[in-house]
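I opened this entry to keep a record of what I looked up in the model. The notes follow the order in which I went through it.

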Amino acid sequence: MKTKLSKSLMFVSALATTGIAGAQDGDQPVMVQIKKLSMDTALTIAKTAIDTCREQGVQVSVTVVDRGGHPQVVLRDVLAMDLSLEVSYRKAYTAMTFTSPTSALEDRFTGPFSVGKVEKVLLSAGGVPIQASGETIGGVGVSGAPSGETDENCALAGVAAVEMDLEMASF
């Protein structure tokens with residue numbers, strides 16, 4: 001019993017020493033700073049997207065996700081279909097994940113077992129990534145307009161409303 005315990009302690013010691021030495025050699029920081037949207041910024045994006053679609057006589061749902069793909073703000077206009085909530089989330093998630101407007105991905109994954117078949121991924125126009133200083137920090141998805149192009153234009157308007165603030169933000 002005593003030898004098993006001593007061997008275990010020696011093994012853990014060796015792992016710890018190797019881990020510490022490896023971390024120093026790779027110049028990896030102990031902590032990583034992560035940029036995130038404030039709730040107010042995410043809300044501005046979503047509200048601007050809703051307002052832009054309303055100006056065109058369309059009621060939609062909008063989802064803004066953070067860099068982890070988690071919903072940060074979700075808005076559904078009064079007459080937008082319930083289904084548009086899930087679709088807007090998937091568009092936002094896909095745009096954030098691929099750091100690309102979802103319209104650019106529509107024809108990219110066409111095989112029967114491609115990435116486009118993954119549960120949360122939706123390759124349909126209406127999602128755009130949210131970027132600050134060249135780094136993707138989230139995504140916005142719009143659903144409910146008669147065309148993906150309209151959805152995407154509303155999403156782009158939402159991002160444009162905060163674009164200058166995002167570029168000028170200090171991190």
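I began with Thr-99, which sits in the loop between α3 and β3. The model is a predicted one. I looked up the backbone at Thr-99 and found a positive phi of about 45°, although the residue is not a glycine. Most residues other than glycine have a negative phi. I then asked whether Thr-99 is buried, partly exposed or exposed. Its relative accessibility is 42%, so I noted it as partly exposed, the class between under 20% and over 50%.

Ser-133 went on the page next. I found Ser-133 in the loop between β3 and β4. It is not a glycine either, and its phi is positive at about 50°. The relative accessible area of Ser-133 is 43%, and I noted this residue too as partly exposed.

Next entry: the overall layout. I counted four helices and four strands in the chain. Read from the N terminus, the elements come in the order α-α-β-β-α-β-β-α. The chain has 171 residues, and 37% of them are buried. I also looked up the exposed surface, which is about 10300 Å², with 58% of it supplied by carbon and sulfur atoms. For contacts between residues at least 6 apart in sequence, I noted that 64% join residues at least 24 apart.

Next entry: the sheet. In what order do the four strands lie in the sheet? I read the order as β2-β1-β4-β3, in an open sheet with antiparallel pairing. The edges are β2 (71-76) and β3 (127-132); each has a single partner strand, so one side of each has no neighbour in the sheet. Neighbouring strands are turned against each other by 15° on average, direction ignored.

I then followed β1 through its pairings. On the β4 side, β1 (residues 61-66) is joined to β4 (residues 135-143) by six bridges, and the two run antiparallel. I wrote down two of the pairs: Thr-63 is opposite Gly-141, and Val-65 has Gly-139 as its bridge partner. On the β2 side, the pairing is also antiparallel, with five bridges. There Val-65 stands opposite Pro-71. β1 and β2 make a hairpin with four residues between them, and in the turn Gly-69 has a positive phi of about 85°.

How many residues of β1 are buried? Six of the six are, so β1 is largely enclosed by the rest of the structure. I checked the two faces separately. Ser-61, Thr-63 and Val-65 are buried on one side, and Val-62, Val-64 and Asp-66 are buried on the other.

I looked up which helices lie across the sheet strands. Helix α2 (residues 39-55) lies across β1, β2, β3 and β4, at about 25° to β2. Helix α3 (residues 83-98) lies across β1, β2, β3 and β4 too, at about 155° to β4.

Next entry: the nonpolar cores. In soluble globular proteins, nonpolar side chains tend to be buried together. The largest core here has 24 residues, and those with the most contacts inside it are Leu-37, Val-60, Val-62, Val-64, Ile-130, Val-140 and Val-142. At least two residues of this core come from each of α2, β1, β3, β4 and α4 (148-168). The element that gives the most is α2, with six residues. Another core, of nine residues, lies apart from the largest one and includes Tyr-89, Tyr-93, Met-96 and Val-121.

I took Val-64 for a closer look at its contacts. Leaving out residues up to four places away in sequence, the residues it touches include Leu-37, Ala-42, Ile-45 and Ala-46. Also among them are Pro-71 and Val-73, as well as Ile-130 and Val-140.

Last entry: disulfides. How many does a search of the whole structure find? There is one, formed by Cys-53 and Cys-154 with their sulfur atoms 2.1 Å apart. Cys-53 is in helix α2 and Cys-154 in helix α4, so the pair ties together parts 101 residues apart in sequence. The torsion about the S-S bond is about 115°, so I entered the disulfide as right-handed. Both Cys-53 and Cys-154 are buried.

Methods
Residues are numbered from 1 along each chain as its sequence is written. This is a predicted model: local features need pLDDT of at least 70, side-chain atom pairs count only at pLDDT 80 or more; totals for chains, interfaces and linings use all residues. Side-chain values use heavy atoms; hydrogens and water are left out. Two strands pair if DSSP finds at least two bridges between them. Axes are lines fitted to C-alpha atoms, for helices over the stretch in contact, and angles run from 0 to 180 degrees between N-to-C directions. Contact means heavy atoms within 4.5 Å. Buried means under 20% relative accessible area, exposed over 50%, partly exposed in between (1.4 Å probe, protein chains only). Accessible areas come from the Shrake-Rupley method with a 1.4 Å probe; for residues, only the protein chains shown count as cover. A nonpolar core is a set of buried Ala, Val, Leu, Ile, Met, Phe, Trp, Tyr and Cys residues joined through side-chain atoms within 4.5 Å. A disulfide is a pair of cysteine sulfur atoms within 2.5 Å.
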